[in-house]
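Ready for some practice? Grab a pencil, take a look at the model, and work through the exercises below.

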Amino acid sequence: MNHISECPSTLKQEHSLILAIETSCDETSVAVVRDGKQVLSNMVSSQIDIHRRFGGVVPEIASRKHVDSITLMIEQAVEEAGIKLEELDAIAVTQGPGLVGALIVGVMAAKSLSLALQIPIIGTHHIAGHIYANRLISELHYPCIALVVSGGHTEIVYMESEGSFRLIGRTRDDAVGEAYDKVARAIGLPYPGGPHVDRLAMEAKKAVELPRSWLAPDSYDFSFSGLKSAVLNALNQSQMKGEPLDHGELARGFQESVIDVLVEKSMRAVKEYGAKQLLLCGGVAANKGLRAALTARSEADGVELVIPPFQYCTDNAAMIGAAAHLKWKQGAFDSLDFNVHPSFSLEKWMGQELEDKQ
């Protein structure tokens with residue numbers, strides 16, 4: 001059972017020095033973040049080379065690798081930050097969503113530190129971290145719209161005020177990152193497929209025409225399974241006809257279809273909700289084609305666009321420290337018996353009790 005506890009009012013303050021841990025998938029990361037926006041250290045150990053041979057993340061292997069590296073990562077993050085453990089105000093850790101075994105490794109390490117140092121612990125939402133990674137480079141102005149694009153999530157989030165999350169659109173099937181990986185596999189590219197498809201698409205002179213899935217006219221939801229099927233159909237037809245299909249042109253057609261839908265729905269949400277900013281968040285935010293298209297459209301429409309640098313797009317602990325600062329300011333901390341939440345609801349994370357307490 002999870003209990004959210006408030007610290008005494010004398011401890012509620014703006015300033016914080018938080019050690020954050022992120023182990024939701026296949027990156028082990030530890031960071032030290034001051035006041036939710038100054039990154040003193042951000043250590044990341046990727047497992048991509050290990051999982052590449054399997055064509056995707058193997059949860060059991062990911063968990064074991066987190067166990068192997070978490071202690072060393074904590075030591076390196078503290079050393080790089082130039083601080084002592086006794087100076088920390090709180091420990092933050094990704095509570096969900098993510099792979100349950102991987103999450104448990106990070107949470108147990110965070111609980112151990114919290115208990116040993118006798119400082120508060122803050123269970124933090126992974127997607128809130130991706131969103132607030134933008135605060136590491138820019139002040140956020142509300143209301144704003146966040147476009148979250150990653151391997152497991154494709155969502156449009158409306159934020160009326162700080163720490164307020166309302167999902168107005170989400171994928172009905174594949175997330176964008178999943179679709180990229182499946183298309184990459186179909187045309188013989190290695191895992192993770194996103195960067196390889198992006199590169200081919202940017203180099204191609206022409207594009208294979210592929211459909212756009214708009215769904216209902218007023219919908220902010222996404223669907224990419226049909227587009228993935230269209231790519232497979234194009235490949236199968238070319239093989240049956242004995243006509244070679246340029247993989248670069250196919251990659252460009254796929255990427256243009258994805259980007260058109262992401263950009264159009266995001267900009268429509270900005271206008272409908274009167275947003276002051278558009279935030280790009282998540283691992284696919286590193287996609288050069290998407291960054292360029294959103295930048296051009298935002299400039300044309302007079303919309304302020306915030307995009308984190310590449311190191312804050314993929315999973316990292318600095319973003320968890322940035323999001324955890326929201327809870328620090330509220331004085332809302334977790335007790336040591338809180339659980340991981342592989343399907344954590346973003347809308348319930350701030351100021352609401354979790355599902356297992358209801």
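## Exercises on a predicted model

Let's begin with Q118, which sits in the loop between α3 and β6 (121–125). Keep in mind that you're looking at a predicted model.

**Exercise 1.** Work out whether Q118 is buried or exposed, and say what its phi is.

*Solution.*
- Step 1: The relative accessibility of Q118 is 62%.
- Step 2: Exposed means over 50%, so Q118 counts as exposed.
- Step 3: Now the backbone: phi of Q118 is near 55°, which is positive in a residue that isn't glycine.
- Step 4: Most residues other than glycine have a negative phi.

**Exercise 2.** Do the same for D35: where is it, is it buried or exposed, and what is its phi?

*Solution.*
- Step 1: Look in the loop between β3 (27–34) and β4 to find D35.
- Step 2: Its relative accessible area is 17%. Buried means under 20%, so D35 is buried.
- Step 3: D35 isn't a glycine, yet its phi is positive, about 55°.

**Exercise 3.** Describe how helix α2 and α3 pack.

*Solution.*
- Step 1: Two packed helices are described by the angle between their axes and the distance between the axes.
- Step 2: For helix α2 (residues 59–81) and α3, the angle is about 30° and the axes are 9 Å apart. That makes α2 roughly parallel to α3, because angles under 35 degrees count that way.
- Step 3: The crossing of α2 past α3 is right-handed.

**Exercise 4.** Which residues make the nonpolar surface patch of about 260 Å², and how accessible is M108?

*Solution.*
- Step 1: V100, I104 and M108 make the patch.
- Step 2: M108 belongs to helix α3 (residues 100–117).
- Step 3: With 46% relative accessibility, M108 is partly exposed.

**Exercise 5.** Where does the chain have a cis peptide bond before P143 and before P192?

*Solution.*
- Step 1: Y142 and P143 are joined by a cis bond, with omega about 0°. P143 is in the loop between α4 (126–132) and β7 (144–149).
- Step 2: From Y191 to P192 the bond is also cis, with omega near -10°. P192 lies in the loop between α5 (176–186) and α6.

**Exercise 6.** How far apart are F224 and Y180, in sequence and in space?

*Solution.*
- Step 1: In sequence, F224 and Y180 are 44 residues apart.
- Step 2: In space, the C-alpha to C-alpha distance between F224 and Y180 is 9.7 Å.
- Step 3: As for its surroundings, F224 is buried, with a relative accessible area of 3%.

Key: Residues are numbered from 1 along each chain as its sequence is written. This is a predicted model: local features need pLDDT of at least 70, side-chain atom pairs count only at pLDDT 80 or more; totals for chains, interfaces and linings use all residues. Side-chain values use heavy atoms; hydrogens and water are left out. Patches are made of residues with over 30% relative accessible area and no salt bridge: like charges are joined within 9 Å, nonpolar side chains (Val, Leu, Ile, Met, Phe, Trp, Tyr) within 5 Å. Accessible areas come from the Shrake-Rupley method with a 1.4 Å probe; for residues, only the protein chains shown count as cover. A salt bridge is a side-chain nitrogen of Lys or Arg within 4 Å of a carboxyl oxygen of Asp or Glu. Helices (H or I, at least four residues) and strands (E, at least two) are DSSP runs, numbered from the N terminus. Buried means under 20% relative accessible area, exposed over 50%, partly exposed in between (1.4 Å probe, protein chains only). Axes are lines fitted to C-alpha atoms, for helices over the stretch in contact, and angles run from 0 to 180 degrees between N-to-C directions. Angles under 35 degrees count as roughly parallel, over 145 as roughly antiparallel, 65 to 115 as roughly perpendicular and the rest as oblique. A crossing is left-handed if the near helix is turned anticlockwise from the far one by less than a right angle, and right-handed if clockwise.
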